[in-house]
Amino acid sequence: MQQRLTRYLTRARDTFGGFTAGQKAVAVIGTAALLIAVFMVFRWVSTPSYAPLYSNLSGTDASAVIEELDSQGVPYEIAGGGGTIMVPRSEVYGTRITLSGKGLPASTDGGYSLLDKQSLSTSESQEQTNFKRAMEGELAKTVEAIHGVDTAVVHLAIPEKQVFTDEQDPPTASVLVDTEPGTSLDEEQVQAIVHLIASSIDGLDPKHVTLTDASGKLLTLDPTADGGAGAASTRAKQVAAFQDTMRADIQAVLDRVLGPGNSTVTVTADLDFDKAVTDSRTYGAKENIPPLSESSTNETYAGPAGAGTNGAGGVVGPDGQMDPGTAGTGGDSSYKNTSRTRDNAVDETVEHREKAPGSINSLHIGAVLDATAAAAVQPQVVKDLISSAVGIKADRGDTIDVSTMAFDRSSEKAAAAELKAAKAADAAARRNDLLRNIGIAGGIALMVLLAWLQGRRRAKVRDEARAYVVEQLRTDAASRTAQLEAPALAALESSETDEDESMREELIALVDRQPDDVAALLRGWLVEPRP
């Protein structure tokens with residue numbers, strides 16, 4: 001076995017010694033690359049996969065957990081700025097249970113856990129303070145659960161309730177959020193946070209919740225600054241959004257008719273953001289409806305003239321005297337009176353109407369068409385189309401103007417030329433890469449082919465030299481056998497067989513190691529005359 005191993009090593013050394021300088025370099029580099037690849041694969045397989053054990057730890061908890069992991073001999077990695085500890089994935093749950101049994105992590109991040117250790121001796125003031133801190137911690141955790149929010153801090157101002165009074169100071173809240181890198185909160189997320197905080201505190205109005213980001217930008221409007229910068233900014237955004245939507249709708253129609261890039265539209269809108277409230281009360285009565293109640297009174301009196309007056313009559317004067325000229329004349333003194341009272345049902349209509357802000361005061365649209373693309377289109381047709389589509393009202397003061405002009409296409413041509421040049425450059429780069437790869441592959445194939453042909457030629461020469469040497473050895477052995485006559489010589493020849501076999505192997509190794517030299521030696525033997 002040892003001789004065979006030595007023989008293989010000797011043959012490998014001799015084969016490597018027969019390589020050219022280029023073949024030796026390729027063999028060395030290939031062997032080194034193979035060893036490095038095997039080492040990297042082994043390292044990748046043997047390296048454990050890490051998973052988070054705890055995240056968002058405080059400095060005290062992180063130090064205690066790391067110290068315990070060191071004492072247990074558990075490998076770990078620190079990530080997340082020191083707040084996240086990673087351990088091998090297969091040991092996460094076991095390590096977590098072990099650390100929990102030892103009370104780690106010890107501290108808490110606030111929340112309702114602050115109320116767990118209250119005693120009977122806790123004062124009312126301390127109890128209220130702990131409750132406020134617990135609510136702040138829980139609300140901060142809730143806000144941090146929203147997508148895009150990295151860290152949140154909540155502060156509550158809950159005044160004490162006053163007795164013997166109907167007016168109470170309202171509670172307020174302030175929220176500071178730090179968003180993840182590259183993200184920002186939109187209007188819906190801001191309103192969601194505001195209403196989430198307001199719904200969690202009894203009596204908290206959403207107007208009294210202030211939301212600010214880490215850069216110091218106020219994300220909510222100031223309720224005390226009516227018409228201020230915040231309200232103006234919001235109104236400007238709403239106007240811009242309405243104008244963009246209207247312009248996009250009109251542009252889509254024109255692009256469909258004239259083609260993209262052959263028209264441009266500008267929309268200016270005047271929106272009414274005033275909120276109006278109207279209360280009205282209307283009374284009315286319907287005919288042919290029976291009254292609710294009805295009453296009538298008839299008075300009738302009949303008798304002779306002057307009856308019961310003893311002949312006295314006339315009009316009483318200012319001094320209580322009778323006008324002698326008005327004495328009774330003996331006429332009829334009958335009296336009749338009729339009255340009717342009817343209570344009819346009255347209809348009453350009460351209307352409360354609130355006008356929502358955002359109505360359109362006026363709308364102004366300007367459209368410009370490319371003269372070349374719109375040669376077969378009448379501007380008036382386009383004007384009527386836009387007017388019908390967006391609802392232009394002349395009595396409201398709306399205006400629309402459609403014009404045709406020659407568009408400047410120089411920028412488009414320059415952009416097209418640059419795009420064409422970029423595509424040509426990319427195509428040339430890809431072509432050059434392809435040619436380079438083909439050249440490299442061809443060179444490698446040529447080198448492999450040349451090496452294979454050279455190896456084949458050497459193998460052929462080696463086989464021929466080996467066959468010739470073996471034939472010569474056989475011829476010499478046969479001649480020596482014929483000359484042997486004594487049995488002692490035959491025994492001696494049989495004892496020398498092993499030496500001949502070893503010599504044969506050495507000759508074969510010599511042929512493998514130096515085929516050119518052996519071939520030259522054989523040529524010399526062939527040329528050399530025999531005695």
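In this predicted model, Asp272 and Lys355 form a salt bridge, with the closest N and O atoms 3.3 Å apart. The pair joins distant parts of the chain. Asp272 belongs to strand S7 (residues 263-272) and Lys355 to strand S11 (residues 347-355), 83 residues apart. The two partners differ in exposure class. Asp272 has a relative accessible area of 13%. That value is under 20%, so Asp272 counts as buried. Lys355, at 38%, is partly exposed.

Strand S11 takes part in a further bridge, between Glu348 and Arg281. Here the closest N and O atoms are 2.3 Å apart. Arg281 sits in strand S8 (residues 276-284), and 67 residues separate the partners in sequence. Glu348 is partly exposed, with a relative accessibility of 45%.

A salt bridge also connects the side chains of Lys102 and Glu68, at an N to O distance of 2.4 Å. Lys102 lies in the loop between helix H4 (92-101) and H5, whereas Glu68 lies in helix H3 (residues 59-72). The bridge therefore ties together parts that are 34 residues apart in sequence. Glu68 is buried, with a relative accessible area of 14%. Salt bridges also link Glu294, Arg340 and Arg342 in a network. The count for the model comes to 13 salt bridges.

Arg409 was examined for its polar contacts. The residue is placed in the loop between strand S13 (399-405) and helix H9 (410-483). Its side chain makes a polar contact of 2.7 Å with the side chain of Asn262. A polar contact of 2.7 Å also joins the side chains of Arg409 and Asp370. With neighbours within four places in sequence set aside, Arg409 is in contact with Gly261, Asn262 and Asp370.

Helix H4 contains Val92. This residue is buried, with a relative accessible area of 4%. Val92 touches Ala51, Pro52, Leu53 and Val87, when residues up to four places away in sequence are not counted. Tyr50 is 42 residues from Val92 in sequence, yet the C-alpha to C-alpha distance between them is 8.8 Å.

The geometry of helices H5 and H6 was compared with the expected rise. Helix H5 (124-144) has 21 residues, which at 1.5 Å a residue should span 30 Å. Its end C-alpha atoms are 30 Å apart, in agreement with that value. The buried residues of H5 are Asn130, Ala134, Met135, Glu136, Gly137, Leu139, Ala140 and Val143. The cover over these buried positions includes S4, S5 and H6.

Helix H6 (residues 187-200) has 14 residues. Its expected span is 20 Å, and the end C-alpha atoms are 20 Å apart, so the two agree. Gln189, Val190, Ile193, Val194, Ile197 and Ala198 are the buried residues of H6. Viewed down the helix axis, the buried residues fall within an arc of 170° and therefore line one face of H6. Glu188 and Ser199, on the other side of H6, are exposed. Helix H5 is among the elements that cover the buried residues of H6. The cover also includes strand S4 (149-157), strand S5 (172-179) and strand S6 (209-213). Strands S4 and S5 thus recur: they are included in the cover of the buried residues of H5 and of H6.

Two spans carry the UniProt annotation "transmembrane region", taken from an unreviewed entry: residues 21-45 and 434-453. In the model, residues 21-45 are 100% helix and 0% strand. The end C-alpha atoms of that span lie 36 Å apart. Residues 434-453 are likewise 100% helix and 0% strand. For this span, the end C-alpha atoms are 28 Å apart.

Over the whole protein, there are 12 helices and 13 strands. Of its 531 residues, 18% count as buried. Among contacts between residues at least 6 apart in sequence, 69% join residues at least 24 apart.

Note on methods:
Residues numbered from 1 in each chain as written. Predicted model: local features only at pLDDT ≥ 70, side-chain atom pairs only at ≥ 80, totals over all residues. Heavy atoms only, no water. Helix = DSSP H or I, 4+ residues; strand = E, 2+ residues; numbered from the N terminus. Expected span 1.5 Å × (residues − 1). Buried < 20%, exposed > 50% of the residue type's maximum accessible area, 1.4 Å probe, protein only. Arc of directions from axis to C-beta. Contact = heavy atoms within 4.5 Å. Salt bridge = Lys/Arg side-chain N within 4 Å of Asp/Glu carboxyl O. Polar contact = N/O pair within 3.5 Å; in protein donor to acceptor, adjacent residues only side chain to side chain. UniProt positions renumbered as here; feature names shortened; annotations may be inferred.
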